[in-house]
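User: I am new to this structure and would be grateful for a close look at a single part of it. Please choose the part, explain the terms as they arise, and describe how the part sits within the whole.

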Amino acid sequence: MHRHDVYSVIDGERSYQEAKAVDPSRSDIISDLHVGDTITAIRYNLDKAMEAWYSGSVPHKDAMEYLRKIAALCVQAGERYGMPDRKW
């Protein structure tokens with residue numbers, strides 16, 4: 001998968017997260033995550049990814065689904081708080 005395609009999938013996950021945040025039937029979704037909330041959500045999904053990886057096999061589709069969620073959570077944090085440039 002090319003980088004552009006990966007970014008497209010992450011963007012789709014981010015759109016999915018935004019749609020769920022305004023869904024009144026999903027009271028479990030927090031639309032206004034603070035940095036600590038985001039880190040907690042990342043940790044939760046990382047633990048799930050590790051479990052899926054441990055019990056899965058190549059290409060680790062289940063684990064990759066959690067990594068997609070984590071990537072979109074990072075994007076959400078960057079949208080809200082800014083993302084510092086990488087110093088080369």
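Analyst: Accessible areas are obtained by the Shrake-Rupley method with a 1.4 Å probe, and for residues only the protein chains shown count as cover. On this basis the chain has an accessible surface of about 7000 Å², and carbon and sulfur atoms hold 58% of that surface. The model is predicted: local features need pLDDT of at least 70 and side-chain atom pairs pLDDT 80 or more, while totals for chains, interfaces and linings use all residues. Residues are numbered from 1 along each chain as its sequence is written, and side-chain values use heavy atoms, with hydrogens and water left out.

The chain contains 3 helices and 0 strands, in the order α-α-α along the sequence. Helices (H or I, at least four residues) and strands (E, at least two) are DSSP runs numbered from the N terminus. The C-alpha trace spans about 40 × 35 × 25 Å along its principal axes. Of the 88 residues, 22% are buried; buried means under 20% relative accessible area, exposed over 50%, and partly exposed in between, with a 1.4 Å probe and protein chains only.

The part chosen here is helix 3, which runs over residues 61-81. The expected span of a helix is 1.5 Å times one less than its number of residues. For the 21 residues of helix 3 this gives 30 Å, and because its end C-alpha atoms are 30 Å apart, the two values agree.

The approach to helix 3 deserves attention. Proline 59 lies in the loop between helix 2 and helix 3, and a cis peptide bond with omega of about 15 degrees joins valine 58 to proline 59. Histidine 60 is placed in the loop between helix 2 and helix 3 as well; its phi is positive, near 55 degrees, although the residue is not glycine. In general, most residues other than glycine have a negative phi, and most peptide bonds are trans. Just after helix 3, glycine 82 also has a positive phi, of about 85 degrees.

Within helix 3, the buried residues are Ala63, Ile70, Ala72, Leu73, Gln76, Ala77 and Gly78. Their cover includes helix 1 (3-21) and helix 2, judged by contact, meaning heavy atoms within 4.5 Å.

On the side of helix 1, arginine 14 touches Ala72, Val75, Gln76 and Glu79, leaving out residues up to four places away in sequence. Arginine 14 counts as buried because its relative accessibility is 8%. Glutamate 79, in helix 3, has a relative accessibility of 48% and therefore counts as partly exposed. From glutamate 79 to valine 58 the C-alpha distance is 32 Å, with the two positions 21 residues apart in sequence numbering.

Ile70 and Leu73 also belong to the largest nonpolar core, together with Leu33, Ala41 and Ile42. Helix 2 (35-55) and helix 3 each supply at least two residues of this core. A nonpolar core is a set of buried Ala, Val, Leu, Ile, Met, Phe, Trp, Tyr and Cys residues joined through side-chain atoms within 4.5 Å. Beyond its neighbours within four places in sequence, leucine 33 contacts Thr38, Leu73, Gln76, Arg80 and Tyr81.

Across the chain, 68% of the contacts with a separation of 6 or more join residues 24 or more positions apart.
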